[in-house]
Amino acid sequence: MRELSRYSLRDDFEGEGERLFQAGDAEGVDVIGHIEIRMFGAFRAERDGFPITDKMWRRKKAATLAERLALGMDALVDRETLAMELWPHAEFNSARNNLYSTISRLRSALGPTPDGKSCVLIQNECIGLNGDYVKTDVRLFDQISREVLGNRTGARGPHLIELCLKIEQLYAGPLYVPNGCNPTYFLRMRRIMESKYIDCMIRGANAALEENDLQSAVWLVESGLRQETAREDMVRCAMRVYGAAGRRRDIVELYSGHMHHLREQVNGVPEPETRRLYERLVEGRLNRVLVER
């Protein structure tokens with residue numbers, strides 16, 4: 001559970017794809033219903049399979065409010081928090097009035113549920129989205145990654161690899177961060193999602209190596225590297241996969257690029273474990289070839 005400790009929300013924590021799918025045996029993942037909201041890579045919303053256009057949103061704040069509520073689908077958010085986050089520079093009364101009108105626009109944009117209820121839930125001073133009718137890529141990502149990292153159902157082997165490949169499909173890019181509001185919460189959630197994603201790619205690649213499924217292992221590590229090239233555990237995992245695939249040149253290029261990044265960005269050097277792995281995979285092999293000659 002060491003990896004899960006990095007996903008805390010503490011203050012000191014520093015293109016169109018296919019329709020969202022049901023993820024194996026993950027509990028609570030239902031077939032997509034009335035509204036779909038996607039936030040990885042860009043913000044997109046669909047109602048009954050048709051895009052909700054910018055004109056229908058009327059103002060961008062409605063989309064921002066939708067994303068903020070969608071990031072906390074399992075909990076309502078109080079009005080004061082929303083007002084301060086969406087209008088950080090406005091007086092509180094003005095921000096509350098803006099929030100009131102934005103909620104009305106959001107309810108209009110999302111429309112009623114098939115049984116005539118609202119997709120926006122309001123309880124006392126708290127607001128949320130109706131999880132029975134609003135589905136999001138972030139919530140599904142969270143459910144599948146919990147199966148991978150929390151290992152609640154003992155997922156392993158081909159099933160674990162499949163779950164990681166589904167996560168890779170869901171993660172179209174870093175979480176979208178809207179403009180014109182206080183971005184603190186969105187940025188923290190983006191870092192959390194990025195960290196979960198990389199951990200899942202590493203977990204899946206290691207499982208694929210154990211299954212001798214080099215195609216999936218390479219796919220997962222290269223998907224991870226496209227999002228994060230600085231994490232040492234991601235680099236080591238990729239080097240092990242490339243080594244198993246006999247791709248010595250890729251190991252050299254990856255390690256050289258990593259060293260350049262560390263020198264330029266943090267004036268640092270690779271961790272000893274990373275350096276030893278590189279020497280074993282590349283320099284050790286080269287020495288053996290020279291001896292054999």
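Helices and strands are here DSSP runs, of at least four residues for a helix and at least two for a strand, numbered from the N terminus. With that settled, I counted 11 helices and seven strands in the chain. I note that the model is predicted.

**Entry 1: the whole chain.** I looked up the burial first. The chain has 293 residues, and 46% of them count as buried. I then looked up the surface: about 15500 Å² is exposed, with 47% of that supplied by carbon and sulfur atoms.

**Entry 2: the sheet.** I followed the strands next. Four of them form an open sheet in the order 3-2-1-7, and the pairing is mixed. Strand 3 (50-51) and strand 7 (134-136) are the edge strands, each pairing on one side only. I checked how strand 1, residues 35-38, meets strand 7: the two pair in the parallel sense, over three bridges. Which residue of strand 7 stands opposite I37? I found T136 there.

**Entry 3: D137.** I moved on to D137, which is found in helix 5, residues 137-150. Where is the nearest side chain of opposite charge to D137? I found R44, at 4.6 Å. A salt bridge needs a side-chain nitrogen of Lys or Arg within 4 Å of a carboxyl oxygen of Asp or Glu, so a distance above that cut-off does not count. D137 is thus recorded as buried and without a salt bridge. I did find a contact with the backbone: the side chain of D137 reaches the backbone nitrogen of F40 at 3.1 Å.

**Entry 4: helix 9.** I tested the length of helix 9, residues 232-244. Its 13 residues, at 1.5 Å a residue, should span 18 Å, because the expected span is 1.5 Å times one less than the number of residues. The C-alpha atoms at its ends are 18 Å apart, so the two values agree. I also listed its buried residues, among them E232, R236, C237 and Y242. M234, V235, A238, M239 and V241 are buried in helix 9 too. Just after this helix, I noted that G246 has a positive phi, about 75 degrees.

**Entry 5: N182.** I ended in the loop between helix 6 (157-170) and helix 7 (184-210), where N182 has its place. Is N182 buried, partly exposed or exposed? Its relative accessibility is 28%, so N182 counts as partly exposed; buried would mean under 20%, and exposed over 50%. I also looked up L86, which is 96 residues from N182 along the chain. The C-alpha atoms of N182 and L86 are separated by 6.2 Å.

Notes. Residues are numbered from 1 along each chain as its sequence is written. This is a predicted model: local features need pLDDT of at least 70, side-chain atom pairs count only at pLDDT 80 or more; totals for chains, interfaces and linings use all residues. Side-chain values use heavy atoms; hydrogens and water are left out. Buried means under 20% relative accessible area, exposed over 50%, partly exposed in between (1.4 Å probe, protein chains only). Accessible areas come from the Shrake-Rupley method with a 1.4 Å probe; for residues, only the protein chains shown count as cover. Lys and Arg count as positive and Asp and Glu as negative; His and the chain ends are not counted. A polar contact is a pair of N or O atoms within 3.5 Å; within protein, one must be able to donate a hydrogen and the other to accept it, and residues adjacent in sequence count only if both atoms are side-chain atoms. Two strands pair if DSSP finds at least two bridges between them.
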